[in-house]
Amino acid sequence: MPEPAYSARSHPQEDAVPTADDSAPATVPPCMATMDVVPDGDRMTVSMWGELDLGSRRLLPELYDMLTLSGGGVDLRLDAVGFCDCSGLNALLDLRTRAVDQGKTVTIRSCGIAVERLLDLTGTRELFTDSARPERPAPPAPHDTGPPVEGGQELRAEVAQLRRAMQTRPTIDLARGILMASFNLTPEAAWSVLVRTSQNTNTKLHHLAQDLVGTVRGSTLPEQVQQQLSAAVADASRPGEVAACPTGGPVEDRD
């Protein structure tokens, strides 16, 4: 097994973290993820482990450097990532945006359950595959008034998909925080509750998150959603524990 050519770990005292447009929040929490980088031909293979959340943005400067040094892009191996929320996904999307600007790609070669579920729920899995290589259509001929090339349509659809993922991220993270505070759940358990309730009620994840955030302002969840949420929280809670539903009803442990 080759020795990693590069290893990086974030430092809590570093507060400036770039985004795809070189803007950055004043501060971000400590990073709970670590990465190793190994050159592989004209690409860089990046293996990560730990948790990908808002603090993972501290890894972006190193990832940007590796992307610049590569000839074709970055391959991610995320098998050892035990937790990933929409903030972590947003960091990966920023890396991909930088790659597209350089005519390169970012692919996810392998991942664990946490990353796999998030990719499926947000519909962003295809953005990190070989088939997502950006195609730059040739400029139209002078006085060409024909329909746009297929590549342009695909690019617009991809941009719309990215925007949806980025717009729904804050609401989903807020809903997860509400579940953690209301039921004393871990981040992983709160995410599991959101996913299970979304699946069992056939409700899109960001719609469910919006409804949960609305309960803080006094709105009430539909009865079916309350029942499924209660069941999911009960399964995620420790044995013998009784939690209160944010809509007012108790959540009791099931056998």
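**Helix pairs and loops of a predicted chain**

Helix α1 and helix α2 cross in a right-handed way. That crossing belongs to a predicted model. It is a good place to start, and the other helix pairs can be read in a similar manner. Two packed helices are described by the angle between their axes and by the distance between those axes.

Take the angle and the distance for this pair. α1 covers residues 60-69, and α2 covers residues 86-101. Their axes lie 10 Å apart, at an angle of about 30 degrees. This makes α1 roughly parallel to α2, because an angle under 35 degrees counts as roughly parallel. Which residues of α1 and α2 meet? From α1 come L60, L63, Y64 and L67. From α2 come A91, D94, L95, R98 and A99. Sorted by class, this contact holds 7 nonpolar and 2 charged residues, with no polar ones.

Now step back to the whole chain. It has 255 residues, and 44% of them count as buried. Its secondary structure comes to 7 helices and 7 strands. In what order do the elements of the chain run from the N terminus? The run is β-β-β-α-β-α-β-α-α-α-α-α-β-β. Three strands thus open the chain, and two strands close it. Between them, the helices α1 and α2 are each followed by a strand, and then five helices come in a row. The chain exposes about 13500 Å². Carbon and sulfur atoms supply 52% of that area. Contacts reach far along the sequence. Among those between residues at least 6 apart, 69% join residues at least 24 apart.

Next comes the row of helices. Follow α5, which packs against two partners described here. One partner is α6, residues 205-216. The axes of α5 and α6 are 9 Å apart, and the packing angle is about 115 degrees. That makes α5 roughly perpendicular to α6, since the range for this term runs from 65 to 115 degrees. The crossing of these two helices is right-handed. On the α5 side, the residues in the contact are W191, L194, V195, T197 and S198. They meet L205, L208 and L212 of α6. The classes here are 6 nonpolar and 2 polar residues, with no charged ones.

The other partner is α7. α5 spans residues 187-200, and α7 spans residues 223-236. Their axes come within 9 Å and cross at roughly 145 degrees. This crossing is right-handed. α5 brings A189, V193, R196, T197 and N200 to the contact. α7 brings Q224, V225, Q228, L229, A231, A232, V233, D235 and A236. By class, they divide into 8 nonpolar, 4 polar and 2 charged residues. One residue links the two contacts: T197 of α5 meets α6, and T197 takes part in the contact with α7.

The loops deserve a look too. Begin with the loop between α5 and α6, where N202 is found. Its phi is near 55 degrees, a positive value in a residue other than glycine. Is N202 buried or exposed? N202 is exposed, with a relative accessible area of 73%. K204 lies in the loop between α5 and α6 as well. K204 has a relative accessible area of 57%, so it counts as exposed. Along the sequence, K204 and L121 are 83 residues apart. In space, their C-alpha atoms are 8.2 Å apart.

Move to the loop between α4 and α5, which holds N184. Phi of N184 is near 55 degrees, again positive in a residue other than glycine. N184 is exposed, at a relative accessible area of 56%.

The last stop is R125, in the loop between α3 and α4. α3 covers 113-122, and α4 covers 150-183. R125 counts as partly exposed, because its relative accessibility is 32% and that term applies between 20% and 50%. Which residues does R125 touch, not counting those up to four places away in sequence? They are E116, L119 and D120. V115 and R125 are 10 residues apart along the chain, and their C-alpha atoms are separated by 9.6 Å.

Definitions and conventions: Residues are numbered from 1 along each chain as its sequence is written. This is a predicted model: local features need pLDDT of at least 70, side-chain atom pairs count only at pLDDT 80 or more; totals for chains, interfaces and linings use all residues. Side-chain values use heavy atoms; hydrogens and water are left out. Axes are lines fitted to C-alpha atoms, for helices over the stretch in contact, and angles run from 0 to 180 degrees between N-to-C directions. Helices (H or I, at least four residues) and strands (E, at least two) are DSSP runs, numbered from the N terminus. Angles under 35 degrees count as roughly parallel, over 145 as roughly antiparallel, 65 to 115 as roughly perpendicular and the rest as oblique. A crossing is left-handed if the near helix is turned anticlockwise from the far one by less than a right angle, and right-handed if clockwise. Contact means heavy atoms within 4.5 Å. Ala, Val, Leu, Ile, Met, Phe, Trp, Tyr, Cys and Pro count as nonpolar, Asp, Glu, Lys and Arg as charged, and the others, Gly among them, as polar. Buried means under 20% relative accessible area, exposed over 50%, partly exposed in between (1.4 Å probe, protein chains only). Accessible areas come from the Shrake-Rupley method with a 1.4 Å probe; for residues, only the protein chains shown count as cover.
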